[in-house]
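Me: Please choose one part of this model and take me through it closely, strand by strand. After that, set it in its wider surroundings.

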Amino acid sequence: MDKKTNPTRQSLWSKMMNPKYIMVYATVGIFLLMYLFGTIAFGSKGFNTLRTMTTLFVDNAYLGISAVGMTFVLITGGIDLSVAAVASLTGMFIAYGTTEMGLSPWVCIAFSLFVGVGLGLLMGWVIHYLNVPPFITTLTGMFLARGVCSLISAKSITIQNSAIDELAGWKIYFMHLQDGKWVKIKPIAYINFSIILFIVVLLVGMYLLQRTRFGRNVYAIGGNEQSAKLMGLPVGRTKVLVYGLNGLCSVLSGIAYTLYVKSGWNLSLQGGELDVITCAVIGGTLLTGGVGYMVGTFFGVMLKSIIPALITFQGDLLSWWGKIATGLLLLLFICIQKIVVNSSNKQSDKRSQKKLSGQKE
Amino acid sequence: MSEQNLLEMHQIEIQFPGVKALDKVDFFMRAGEIHSLLGENGAGKSTLIKCLTGVHHKDAGTILLDGKEIQPQSPQHAIEIGISTVYQEVNLCPNLTVAENIFVGRQPMRFGQIDWRTINRRARELMARFRLDIDVTRPLSYYSTAIQQMVAIARAVDVQAKILILDEPTSSLDENEVQLLFDVMRDLKAEGMGIIFITHFLDQVFAISDRLTILRNGHLIGTYNIEDISKVELVTQMVGKDMDAIFNLKRANVKPDAPYMLKADHIGAPAKIDDISLDVKKGELVGFAGLLGSGRTETAEMLFGVTHLSDGTLELEAKSVKFKKPYDALVHGMAFCPEDRKRDGIISDLSIRENIALAVQARRGFLHPLSMKEQNDLADKYIKELGIATPDAEKKIGELSGGNQQKVILARWMATDPKVLILDEPTRGIDIGAKAEIQRLMLEMCEDGVSVIFISSELDEIIRCSNRIIVMRDRQKVAELYGEMCTQEKILAIIAEGAAAAGGEAQ
Amino acid sequence: MKKKFDLSRLTRSKVTWAVVAEVLVLLVCLFVRPDFFNISYQPATGMLFGNIIDIINRSSEITIIAMGMTLVIALGGTDLSVGALVAVSGAIALKFMRWDVIIYNTPGDYSVYPFFLAIVVPLVVCAVMGLFNGFLIAKGGMQPIIATLILMVCGRGIAQITTNGKQFTTQYSPFRVIGQGSFLFLPMPIIITAVVILAVYLFVRKTAFGTFVESVGINRKASHLSGINAQMVIFIVFALTGLLSGISGLIYSSRIMSNDSNNAGLNFEMDAILAVVIGGTSMTGGKFSLLGTVIGSIIIRTIVTLVYFFGIASEATMAFKALIIAVVIVLQSEPVSNYIAKRTRARAAKVALAKGGVK
């Protein structure tokens, strides 16, 4: 045996150069490029201020929360089309419950959680134990949630509830010292409840995915479900839980969205599930399952939301260019993924060939 | 008696729709024993194993482990009670790292978190035990099948099982790796583990086992000490027929002045094969010997247009041809049975009829469909000619046994009336009866003037059938042997040492 | 013996469950409205009129798309872009009829460019967009769901740009015929759908194309090695689906005599996929059933009609659609159908045993 190549602890550099992270780097890189472009092109209009940054968060926290749950589902190799409908349903529960029925918002939220998580678990159960494709199961879930939304009210309900107003209006302003006093920075930038919720959900998601057996089982199932079963992993339980977890994220996303728009509408967030999936995909998650990182998803959300921001700053372009830009971005990312996967496969071919012949000698 | 046995399976019965997969089978194993389980495909080996690992549930009978009755419910449950399995196809997750594949589901925890450091360290130690020096933090897909197989074994070994089941673990390993595996098996045996070993390679059975059990058609034939049975007896027991009668074959008779059918002149493709030349005469059977990965399959794929040629020329019947895709080769009268029948050969959900007609139809193009009658005639003809065991032509090919699937694939190509037929491991993983039949068919086709290129890992069948043998090693053609030169010892020497060591007869 | 065999085959066939579901829903309809099956002739429009006609008429758009979707799903893929293509098709058609210039600023019974351009160009564009999907999948080796997600996301943007974000209306009578005209006493969409179904059926089942699609859907590598040009099969299927989406888009915009880039074809991809799956074609690819798909599409529309009878808001129909679809899908699911098959077998065996006892 060759002593020189005896594995010692790897350097940080070689750890970071692991090919499995390339997609995440691509996402971060493109986001930074876009940000740089915005700074150069619209710096004079204040693109590079803290305010623009926090606005990205404020406007897209609900998207991010949902994307965290979706990342879990996509890594198992599944898909969940019901997320936007469940978020919309949550908004409807809160709006109708507080405004029309005079309930406490906490009761409404608790009920939403019960329904959202319950639906998620049910869908997970159907997917795993009845072997119905996730696409179809969650599509049915989406129809159900949307339909119930419309059953509750076909009109938009504006929320009139002091607790909700208070929560939605709660902000921490960014301050700086001026003449010995703390004052708000200009232009004003702040963090609200939704941002904190997003960050917390993201961190919890990260922890679950990387540091717990549950998270690793999620990866294993996405890698090869049959193998995972034969390795003795609790495949069924994990899958059901993943959909339940995603249901939870959908409800939290719905809460963030409701705080953002302060109303409930049966048609809100139409097509939102695809925005969420897009975020995850441009964050480097593979729809085939088995690959994906929370950091990637985070930057995917940022990347997805910086496009409309750039278009707003540009001013002349019509908003539907945003859709086309997102589509092109998606195309770009899928191409990069393809190239990365192909080249790493080739490398592995060569390398294992070397390894084997090296061993014979 | 029962104190001595680690595992006792009494009167196991398993019923599948339409067949009795296991009929009152007994299986006893002692601790610290390597016990081979033998039988042809469909004999019930995998069913017995799956019954033990909780994939299938038995309909009758009892299983005792250490004298206590067990009822394995699921693979997970089986692992918990101490039964660990390595399957024929690597059952790991390609996206996880090597280290994680070994520990997933039972990761060491620290402060409520997965302890990645310990995992990687222990994985490195474990791989070192297998004399493998690899970066355990790379994804499993980064490594070759052989290494993946070793990782699978490492995982199975590390769970501290009482019983280790190895289901054809050696089919993707080369000679050195097999020896390595045997060393590890002996270590484990010394530690008192019971190992159930399933393989098609009889040499390996005799090299490593203490005892063996033979199954046939779901029945127990017997359990023998390895000293008490000869190879011939063993095969006779497995097949239930006399071996000589099966393998009474004659090589094809090639006239010395027969024209060349296919000539490849210094062909090569990047990252596959640099340079190889070969020719095949009309009605000749050329065997390709060499280890897995020695370039045999790559050569076949170059000939059939699966891989693009970057160098060299290909001549078919003295006319220069260029194949961009398999379709071009098909149109020119080439045929190719790929190595991995399941992955590259069968269209599992289509019927036998559709599978047989596929290549003919592909050559005609979809706008010129074969009529139902033509398809049925084709199917009926080949079902009869090749003796495909099926109630009718509408049965899905996926529901057939391996040997019958192979016959259907063969029929698909015979139906195109090929001039050159390339067979890549047509007899792998199928039972001896079907093997002999496929060899007979190959030789019959040679008699009819078809040129056959026959790739196989089993030297005796190559030697038995070939007019000429090309030996491959490290992606190069190292020798070409004729008639008397084709002996097992000589080929093995060339494969092991290269052409020079074997004494210069090579071209 | 023969009969028993047929029975177990029937219970295992997924199309059977679709038919059973449709019959059940129709029975409920009949229960709610005894005059449900009545069909009358309306001289004013020159058409037959009745619930059944209406259901089939209204299911046209989905049925047409679902024909292509069946092949896509048989290939083991999904095409998410069809809804967006419906919007594109309508936008281009209206663009050619109205062409945004000052003198044509009011809608009327005219078309700026020849009518055939307003029909052919949208279809060609949609087919080309379908080809683009096919290109990404066949040549780029992408997953269909992802490749078509691209056009789904930016397709509506393209539709908007075509008409500069405007919603045109028209009163051009030849265009009205597509969605609102009649032929042989039947609404034109039904005729168009029937022609499409027949054409697709002839194309896939009277040539070997259907077998090729199934073969590639089950095992692309093996099909390629057997000489099938898998890339071409993929190209044709996706281009065909694009073209069919275009036809569907023309019908849709002819019904409203307008283009609506935001709402035209919204969720059509979902409905089409559901129709295919309810019709018994497995999402994993392989064997497909065009007949099943037609039934699936009609089931979806029947449910919507049924829910209208109860006077429920149109958006809320989704909930009921979901419930009934859930039932069909659960019945079709492998474990449940295996269980039912087992029960039928057991009962048959019992009956046989009882008979034997009598003898």
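Reply: Two strands pair if DSSP finds at least two bridges between them. Strands (E, at least two residues) and helices (H or I, at least four) are DSSP runs numbered from the N terminus. This is a predicted model, in which local features need pLDDT of at least 70 and side-chain atom pairs count only at pLDDT 80 or more, while totals for chains, interfaces and linings use all residues. Residues are numbered from 1 along each chain as its sequence is written, and chains are lettered from A and ligands numbered from 1 in the order in which they are written.

Let's look closely at strand β20 of chain B, which covers residues 451-455. Five of its five residues are buried, so β20(B) is largely enclosed by the rest of the structure; buried here stands for 20 or more other C-beta atoms within 10 Å of the residue's own, with C-beta atoms placed from the backbone. You can follow this on each face of β20(B): B:S451, B:I453 and B:I455 are buried on one side, and B:V452 and B:F454 are buried on the other.

Which strands pair with β20(B) in the parallel sense? One of them is β15 of chain B (residues 285-289), which is joined to β20(B) over four bridges. Another is β19 of chain B (residues 420-424), which runs parallel to β20(B) and is joined to it by five bridges. A handy residue to select in your viewer is B:V452: it is the bridge partner of B:L285, and it is also the bridge partner of B:L421.

Two residues of β20(B) turn up again when you look at nonpolar packing. The largest nonpolar core has 369 residues, and B:I453 and B:F454 are among those with the most contacts inside it, together with B:V471 and C:V88. Such a core is a set of buried Ala, Val, Leu, Ile, Met, Phe, Trp, Tyr and Cys residues joined through C-beta atoms within 7 Å. Helix α12 of chain C (residues 230-256) gives the most to this core, with 14 residues. The core also draws at least three residues from each of domain 1 and domain 2 of chain B.

B:V471 is worth a stop of its own. Leaving out residues up to four places away in sequence, B:V471 touches B:A289, B:G290, B:V478, B:A479, B:L481, B:I491, B:I494 and B:I495; a contact needs two C-beta atoms, placed from the backbone, within 7 Å of each other.

On domains, an automatic or database assignment sets the bounds: in chain B it gives domain 1 as 5-241 and domain 2 as 260-333 + 418-502. Their C-alpha centres lie 34 Å apart.

Chain B also has a run of antiparallel strands that you can trace one after another. Start at β13(B) (residues 260-269), which is joined to β14(B) (residues 273-281) by six bridges. B:I267 has B:I276 as its bridge partner in β14(B). These two strands form a hairpin with three residues between them, and B:A271 in the turn has a positive phi of about 65°.

β13(B) also pairs in the antiparallel sense with β16(B) (residues 311-316), over five bridges. Here B:L262 is matched with B:L316 as its bridge partner. From β16(B), three bridges lead on to β17(B) (residues 319-321), again antiparallel. B:L316 appears once more at this step, with B:K319 as its bridge partner in β17(B). β16(B) and β17(B) make a hairpin with two residues between them, where B:E317 in the turn has a positive phi of about 50°.

Now step outward to the neighbouring chains. The contact between chains B and C takes 24 residues from chain B and 20 from chain C. On the side of chain C that touches chain B, α10 (209-218) and α11 (220-225) each supply at least two residues, and α10(C) gives the most, with six.

Chain C meets chain A as well: 39 residues of chain C are in contact with 35 of chain A. α7 (144-162), α13 (268-278), α15 (317-332) and α16 (334-358) of chain C each supply at least two residues of that side, with α7(C) giving the most, twelve residues. Overall, chain C has 16 helices and four strands, and 52% of its 359 residues count as buried. Chain A, for its part, has 14 helices and six strands, and 49% of its 361 residues count as buried.

Terms used. Buried ≥ 20, exposed ≤ 12 C-beta atoms within 10 Å, placed from the backbone.
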